[in-house]
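This report introduces selected features of one structure to a reader who is meeting it anew. Please keep the sequence and the model in view while reading.

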Amino acid sequence: MNIAVLGAQWGDEGKGKIVDLLTPNFEIVARYQGGHNAGHTVYANGRKFVLRLLPSGILHAGVTCVIGNGVVIDPQALFAEIDEVAAAGIEIGDRLIISDKAHLILPYHRELDLLSEARRGERKIGTTSRGIGPAYEDKIARRGVRVGDLANMEALASAVQHNVAARNRIIPESTMDADNVLADLKKAWARMGPWVKDVSLFLSEARQQNRAIMFEGAQGTLLDIDHGTYPYVTSSNATIGGVCTGLGVPPRAIDGVLGVAKAYTTRVGEGTLPTELTGEMGNRLRESGQEFGAVTGRPRRCGWYDAVAVRYAVRVNGLDALALTKLDVLDGLPELSVCTAYRCNGTTLTEMPGDQAQLAACEPVYETLPGWTEPTAGVKSFEDLPSEARAYVARLEEITGVPAAVVSTGSAREDTIIRKDSIAAKWFRR
Ligand code: IMP
């Protein structure tokens, strides 16, 4: 049984915790897109880890972690993360597999990310400044450098010299030296080489041996380059199709899809957020939800649950179920609003418009539900939730059309409700 776990909103849904919880049931965890723009927060061994590139399964002994061809890798960021995990006493050894076809983020990509944002001015995306977009640009323009290229220093030298010279012409006052870049890449290969493999072949053999695989998404559906709120998106396919293209596995390899969504909505960076709350309520959600970027520390924009957006994620990804996270952040609020449709230029839309100008002109149509006074924080069984919290979850299930198989009530592993009668219960069976 292989499943995909991915974000059903604008990222930061709490995927790290859910993947970590599921991991004991899987032998392999594979990342298929994104890079160190992701920040998957996991609490384990009594401490907090923010995993950026390494799949969240790395914290579990015996689990093999795969970085697919769809991921873009900054070698220095990867090594820093490996060192951090190793310093916490977690052995990586041969548990890591990196695709030879994954593209590298090189120093000029970071410079170009900053430059492009500065030049866009008012129209800036609000990127994480990690060089993600420019690295994917080079991939699509067929001039990128792939992990496997590091094995052939001669061919690599000519490509890097060409790329650095071209970038030095674009980046004002840049004096980037191709030899320095190459020297770093040589060192990177010496360290990374033993982990590099044909990932598609590895996963195909793993499937033949019936080894259970979890496909781990980064960012979220509404940040997908094709299906998200373009152009305010990341540069990869965070939706289900990314699993196949980003790892070289066929669609039939995916037996189930679990979407992760917060019990409210957040977004970091620019772009429309239809249910955004800018006043006191927005601050209240940000403070109680600790909504500050795991990677950049930026305050996240907060708003009510947008069921139109999540319903869209259900459709695009074929979600079987949702893991609803951070329910406890809503504790103590007298009333909760849920966006069930958008009102746009006099028409009511029940589907997410693809055009950003149209989305920006939309007003959310809200349904109001009663809040709860008893805390849900740390509650471990659905029956123990206050009746209003159960009704809230039930209403979200009704509007989005998928069951909330998991409800998370705190950051610790234990603060989780796994619904016994749900379709996803077997995914969590130990
Ligand atoms: P980039 O991925 O750095 O190019 O940023 C593009 C957009 O995606 C920006 O709005 C970022 O804030 C957003 N973004 C990228 N990665 C994440 C993430 O892991 N969580 C939430 N937002 C993200």
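## The far end of the sheet

In the pairing with β20, Val407 of β19 has Ile417 as its bridge partner. This model is predicted. β19 and β20 run antiparallel and are joined by 3 bridges. β19 also pairs with β15, here in the parallel sense and again over 3 bridges. Within that second pairing, Leu324 is matched with Val407 of β19. Val407 therefore appears as a bridge partner in both pairings, with Leu324 and with Ile417, under the general rule that strands of a sheet pair through backbone hydrogen bonds, either parallel or antiparallel.

As for its surroundings, β19 is largely enclosed by the rest of the structure, because 5 of its 5 residues are buried.

## The sheet as a whole

These strands belong to an open sheet of 10 strands with mixed pairing, arranged in the order β9-β7-β5-β2-β10-β1-β11-β15-β19-β20. Its edge strands are β9 (196-197) and β20 (416-418), each of which pairs on one side only. Helix α1 (residues 15-22) packs on the sheet, where it touches β1, β2 (28-31), β10, β11 (256-262), β15 (321-325), β19 (404-408) and β20. The direction of α1 makes about 165 degrees with that of β1.

β1 and β10 (residues 213-216) run parallel and are joined by 3 bridges. One residue pair in this arrangement is Ile3 with its bridge partner Met214 in β10.

## Asn2, ahead of the first strand

Asn2 lies in the segment before β1 (3-7). Is this residue Asn2 buried or exposed? Its relative accessibility is 7%, so Asn2 counts as buried, the cut-off for that class being under 20%.

The side chain of Asn2 reaches two backbone atoms: the nitrogen of Ile213 at 2.9 Å and the oxygen of Ala253 at 3.0 Å. Beyond its neighbours within four places in sequence, Asn2 is in contact with a set of residues that includes Phe26, Arg207, Arg211, Phe215, Ile254 and Gly256.

## Backbone features in the loops

Two residues other than glycine have a positive phi: Asp12, at about 60 degrees, and Gln219, near 55 degrees. Asp12 is found in the loop between β1 and α1, while Gln219 is in the loop between β10 and α8. Asp12 counts as partly exposed because its relative accessibility is 25%. Gln219, by contrast, has a relative accessibility of 9% and so counts as buried.

The loop between β10 and α8 (241-247) also contains Pro231. A cis peptide bond joins Tyr230 to Pro231, with omega at about 5 degrees.

## The second largest pocket

Which helices each supply at least two residues of the lining of the second largest pocket? They are α3 (107-120), α4 (132-140) and α5 (153-170). α3 gives the most, with 4 residues.

The volume of this pocket is about 200 Å³. Its lining is made up of Leu112, Leu115, Ser116, Arg119, Pro134, Glu137, Asp138, Arg143, Ala166, Arg167 and Ile170.

Notes
Residues numbered from 1 in each chain as written. Predicted model: local features only at pLDDT ≥ 70, side-chain atom pairs only at ≥ 80, totals over all residues. Heavy atoms only, no water. Buried < 20%, exposed > 50% of the residue type's maximum accessible area, 1.4 Å probe, protein only. Polar contact = N/O pair within 3.5 Å; in protein donor to acceptor, adjacent residues only side chain to side chain. Contact = heavy atoms within 4.5 Å. Pairing = 2+ DSSP bridges. Axes fitted to C-alpha atoms, helices over the stretch in contact; angles between N-to-C directions. 1 Å grid on protein atoms, 1.4 Å probe; cavity = no way out; pocket = protein on both sides within 12 Å on 5 of 7 lines; lining within 4 Å. Points joined across faces, edges and corners; volume = space filled by probe spheres on them.
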